[in-house]
Amino acid sequence: MAVCFDCGREFPDGERYCPFCGSPAEVEIPSDRDLRDASPGYSAGGGGRRLIVLLFALILFLGLLLFIVYMERLISVKTAQISASIY
Ligand SMILES: [Zn+2]
């Protein structure tokens, strides 16, 4: 049984409108907050996304560092080759 929120009378479930006063029956639509509470890890989704961004930044930083080291080595090799060709 459902209870009309308008007149307070009971009427069978499945009725879209109260048969007594005609007001729409309460339909349980889960709100955004309910959905957020229902799915675990959703509230932590922001944190997870932040972690991914942090990880991406770290990878980017390491890549840049490796690139710099590689370039320096390449330059030192080239200068070594140049100096070897001179002598
Ligand atoms: Zn009613």
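What pLDDT does the chain average, and what share of the residues score at least 70? In this predicted model, the average comes out at 82, with 75% of the residues scoring at least 70. That confidence isn't spread evenly over the elements: helix H2, covering residues 45–86, sits at the top with a mean of 89, while helix H1, residues 32–38, sits at the bottom with 62. Where pLDDT is low, the predicted coordinates shouldn't be read in detail.

As for the overall layout, there are 2 strands and 2 helices to keep track of. Going along the sequence, they turn up in the order β-β-α-α. Burial is scarce here: just 2% of the 87 residues count as buried. Contacts tell their own story. Among those in the chain with a separation of 6 or more, 0% come from residues 24 or more positions apart.

One spot worth a look is Gly-14, which lies in the loop linking strand S2 (10–11) to H1. Is Gly-14 buried or exposed? Gly-14 counts as exposed because it has 7 C-beta neighbours inside 10 Å, and the cut-off for exposed is 12 or fewer. Its partner in the next comparison is Ala-2: the two residues are 12 apart in sequence, and their C-alpha atoms are 8.5 Å apart in space.

How values were computed:
Residues are numbered from 1 along each chain as its sequence is written. This is a predicted model: local features need pLDDT of at least 70, side-chain atom pairs count only at pLDDT 80 or more; totals for chains, interfaces and linings use all residues. Helices (H or I, at least four residues) and strands (E, at least two) are DSSP runs, numbered from the N terminus. A residue is buried if 20 or more other C-beta atoms lie within 10 Å of its own, exposed if 12 or fewer, and partly exposed in between; C-beta atoms are placed from the backbone. Two residues are in contact if their C-beta atoms, placed from the backbone, lie within 7 Å. pLDDT is the predictor's confidence in each residue, from 0 to 100.
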